[in-house]
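I opened the model today and kept notes as I went. Here they are, in the order I looked things up.

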Amino acid sequence: MCRVGRGLTGSMRYTPVVTAQAGAPRQAPALCPELDHPEDRVPMRKNTQRKTRPGTPPRCEHCSTRGRCLFAVLPQPQYDEFSALIRERTVAVGETVEFQGCNGDAFGVVKVGLLKAVRQGAGSGDRAIALLGKGRLIGVTLPFAQSALLSLVAITPMRICEVDVQAVRRIALQQPLFQQAIYRTVAAFVGSVADWSRLVREDSFLVKVCVALHLIAAEEGSQAFRIPSHVELASVLGARRETVARQIAVLIERGMFRKVDRWHGVLTSVGCDGLSEL
């Protein structure tokens, strides 16, 4: 849980509330990063560190992510009211859109791009545990008044649609269709994290990289997608950047992956079966 306070500049900051064990010395709580640039003048506080300007009304009728969008399941009268409150904005590479342990006011859906999910553990530092794409939720715990379980960081250029979490509670969560959809989305998120967790335990780095590319394609909803940097892929796979580069070259040589340009590629195989036996 985080307490919300104002810094000297008037911007919002979030302080995790630390409960000390009986008899243990009380430690000063760590501050979450300063949020919202004052010049943005946005009427909602965020669990983010913004590098881009405030958003604009979304164009849902032309959205390629509509089939995965949680907001789209609302009945028409509620959807009309709710969609008027949604703002779509650009997210820069490296921008953190959610901080582990903090409680913000923005609830969002990924429209375009990839995030890395980062978990901080005791004494182990930050670890990337999964890559998340279209239709994934930002602030998934906030409607239930729970602090963030992970930090989410953009690793490709992104667009997200977000709304004040109070509107989610007041309008959306009252609808059974939305309740069912958010439960399905959370379950799918847990499944995705389990897939990435299992992948780390593969012995073959070639299999790791191949399966990772297929998981990214599933997140993007297309066999053609923007390739994350080798550094980001290496961090989530527990490998070195050079290892990732070599394995991608092997997949290209075997006709299982094709580079379109420096940043984009296309999977040309239906899976990675048999690679572990090579």
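**Entry 1: the second largest pocket.** I began with the second largest pocket, which holds about 280 Å³ of space. I should jot down early that this is a predicted model. I asked for the lining and got 16 residues, with L137, V140, T141, L150 and F189 nearest the centre of this pocket. Which element gives the largest share of that lining? I found that α3 does, with four residues. Sorted by class, the lining of the second largest pocket comes out as eleven nonpolar, three polar and two charged residues.

**Entry 2: a residue in α3.** Since α3 had come up, I picked T185, which sits in this helix (residues 176-200). Is T185 buried or exposed? Its relative accessible area is 18%, and the cut-off for buried is under 20%, so T185 counts as buried. I then listed what T185 touches beyond its neighbours within four places in sequence: L70, G135, R136 and L137. I had already met L137 among the residues nearest the centre of the second largest pocket.

**Entry 3: the cavity.** Next I turned to enclosed space. Rolling a probe the size of a water molecule over the atoms shows where empty space is left. How many cavities of 30 Å³ or more are there? I counted one. The largest cavity holds about 160 Å³ of space. I noted 16 residues in its lining, and C60, C63, C69, F71 and C161 are the ones nearest the centre. Strand β5 (residues 106-112) gives the most to this lining, with three residues. By class, the lining of the largest cavity has eleven nonpolar residues, one polar and four charged.

**Entry 4: the sheet around β5.** I wanted to see where β5 sits. Four strands form an open sheet in the order β3-β10-β5-β8, with antiparallel pairing. The edges are β3 (87-91) and β8, each with a single partner strand, so one side of each has no neighbour in the sheet. I followed the β3 edge inwards: β3 pairs with strand β10 (residues 158-164) in the antiparallel sense, over five bridges. One of the pairs I looked up is T90, whose bridge partner in β10 is R159.

**Entry 5: I138 at the other edge.** In β8 (residues 137-138) I chose I138. Its relative accessibility is 5%, so I138 counts as buried. What does I138 contact, once its neighbours within four places in sequence are left aside? I wrote down V97, E98, A106, F107, G108, V110, L115, L152 and I160. I also took one distance: I138 and L152 are 14 residues apart in sequence, and their C-alpha atoms are 7.9 Å apart in space.

**Entry 6: A145, an odd phi.** Moving on from β8, I stopped in the loop between β8 and β9 (151-154), where A145 lies. Most residues other than glycine have a negative phi. A145 is not a glycine, yet its phi is positive, at about 60°. I checked the surface here too: with a relative accessible area of 52%, A145 is exposed.

**Entry 7: β6 and its partners.** I then looked at strand β6 (residues 115-121), which runs antiparallel to strand β7 (residues 125-132) and is joined to it by seven bridges. On this side, L115 stands opposite L132 in β7. L115 was also in my contact list for I138. I found four bridges between β6 and β9, again antiparallel. There, K116 has V153 as its bridge partner in β9.

**Entry 8: H214.** One more residue caught my eye, H214 in helix α4 (residues 205-220). At 17% relative accessibility, H214 counts as buried. Leaving aside its neighbours within four places in sequence, I found H214 in contact with L267, S269, V270, G271 and C272.

**Entry 9: totals.** I closed with the overall figures. The protein has six helices and 13 strands. It has 278 residues, and 46% of them count as buried. Among contacts with a separation of 6 or more, 68% come from residues 24 or more positions apart. I put the accessible surface at about 14300 Å², and 53% of this belongs to carbon and sulfur atoms.

How values were computed:
Residues are numbered from 1 along each chain as its sequence is written. This is a predicted model: local features need pLDDT of at least 70, side-chain atom pairs count only at pLDDT 80 or more; totals for chains, interfaces and linings use all residues. Side-chain values use heavy atoms; hydrogens and water are left out. Helices (H or I, at least four residues) and strands (E, at least two) are DSSP runs, numbered from the N terminus. Buried means under 20% relative accessible area, exposed over 50%, partly exposed in between (1.4 Å probe, protein chains only). Contact means heavy atoms within 4.5 Å. On a 1 Å grid over the protein atoms alone, a cavity is a set of points where a 1.4 Å probe fits but cannot get out, and a pocket is an open set with protein on both sides within 12 Å along at least five of seven lines; lining residues have an atom within 4 Å of a point. Grid points are joined across faces, edges and corners, and a volume is the space filled by probe spheres set on the points. Ala, Val, Leu, Ile, Met, Phe, Trp, Tyr, Cys and Pro count as nonpolar, Asp, Glu, Lys and Arg as charged, and the others, Gly among them, as polar. Two strands pair if DSSP finds at least two bridges between them. Accessible areas come from the Shrake-Rupley method with a 1.4 Å probe; for residues, only the protein chains shown count as cover.
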